[in-house]
Each structure stands twice: as structure tokens, then as C-alpha cells.
Amino acid sequence: MNIRRVRFDHPDAVKLNDEVQAEYHVRYGDGGDATSLDPADFAPPRGVYLIAYDAEDRPVATGGWRSQDLNAEGNQDGDAELKRMFVIEQMRGHGLARRILAELEADARAAGRTRMVLETGTEQPEAIALYTSSGYTPCAKFGYYRHYDNSLCYAKAL
């Protein structure tokens, strides 16, 4: 696998974001994640967006983090918010999400962030398993979906 830094509006990022949004719609029936994201959110040093490419240079997995500080949506100073972790169906089970997660954590730590946070949902058991097995623990809800019953939030000290 070749993991590259790209802009959130890179054509491959847009393609995979469309795929993850479609999957969210299937799982939740709500049209996908309505959280507002801007390509500038993932611009270093305040964030990063990664895409993993296979041996044929096809984009197969993504993930990013963006800086968050104390705000009305429940974030704390020093937060790095994990966004758009996704592996295409044909490549699941090969450890790609775990590799991307480790790179994102290292990058956020190097940028001075002190805590990685994420929001997922009850209909994503694979994500919950990845995060809990990677040292994430439940935390106070934050973000766009903080008032939804099916929203789950996790955090890990960096």
C-alpha cells in the first residue's frame, strides 16, 4: 500500500467520500453524514487527509483529521477530530484502516494535538471494534450528531 497526503477536494478523495456517504445512507437512511467539512479543515498543520492506494494505484481507503478546540459543539482545546475513515468493501479485513489510523494519530501528535476524538454510530460495528481495540474509550458527545441517540463518541489521548 502507498499512503499519500492529498487535499480533501482531490478527485480520488471526492470519489471515496461519495462512496462512504452512500454507505452511511444505506446504514442510517439519512442521506449520509451532514457534518460540514471544508477542504481547508485538512490542510497541514491544522489537519491532514490520507488516501491509501493499491498496487495498481487505485484509491482504496481514506481518513483524515482536523483541529478542533473548545467550542459550542463539545470539543476541547487540543482535539484532533478523526473524519471519513473508510475502506472500500473489496479491501476490508487487510488492516488498512488500522494503518491509516496509526498514521493519522502520529501526524496529529506531531502537530501538537493532545487528544484524538471521533464520532461514529450504532450501525457501524466494524468502526466501533477498530476504535475500541485501538485504545479509544467513550467520551462526552460532541459535534453535529451529539444530540442523536445513535451517535457514539470516542477519544484517545495522544
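Which residues does Asp-107 touch, not counting residues up to four places away in sequence? In this predicted model, local features need pLDDT of at least 70 and side-chain atom pairs count only at pLDDT 80 or more, while totals for chains, interfaces and linings use all residues. Residues are numbered from 1 along each chain as its sequence is written, and side-chain values use heavy atoms, with hydrogens and water left out.

Beyond that sequence window, Asp-107 touches Arg-5, Val-48 and Trp-65, contact meaning heavy atoms within 4.5 Å. With Arg-5 there is a polar contact between the two side chains, at 2.3 Å; such a contact is a pair of N or O atoms within 3.5 Å, where within protein one must be able to donate a hydrogen and the other to accept it, and residues adjacent in sequence count only if both atoms are side-chain atoms. Asp-107 counts as buried because its relative accessibility is 16%, the limit being under 20% relative accessible area with a 1.4 Å probe and protein chains only.

Asp-107 is found in helix α2, residues 96–110; helices are DSSP runs of H or I with at least four residues, numbered from the N terminus. The 15 residues of α2 reach 21 Å from the first C-alpha to the last, close to the 21 Å expected at 1.5 Å a residue, where the expected span is 1.5 Å times one less than the number of residues. Buried in α2 are Leu-96, Ile-100, Leu-101, Leu-104, Glu-105, Asp-107 and Ala-108. These residues lie on the same side of α2 because they cover an arc of only 165° around the axis, taken from the directions from the helix axis to the C-beta atoms. Just after α2, Gly-112 takes a positive phi of about 90°.

Methods:
Helices (H or I, at least four residues) and strands (E, at least two) are DSSP runs, numbered from the N terminus. Buried means under 20% relative accessible area, exposed over 50%, partly exposed in between (1.4 Å probe, protein chains only).
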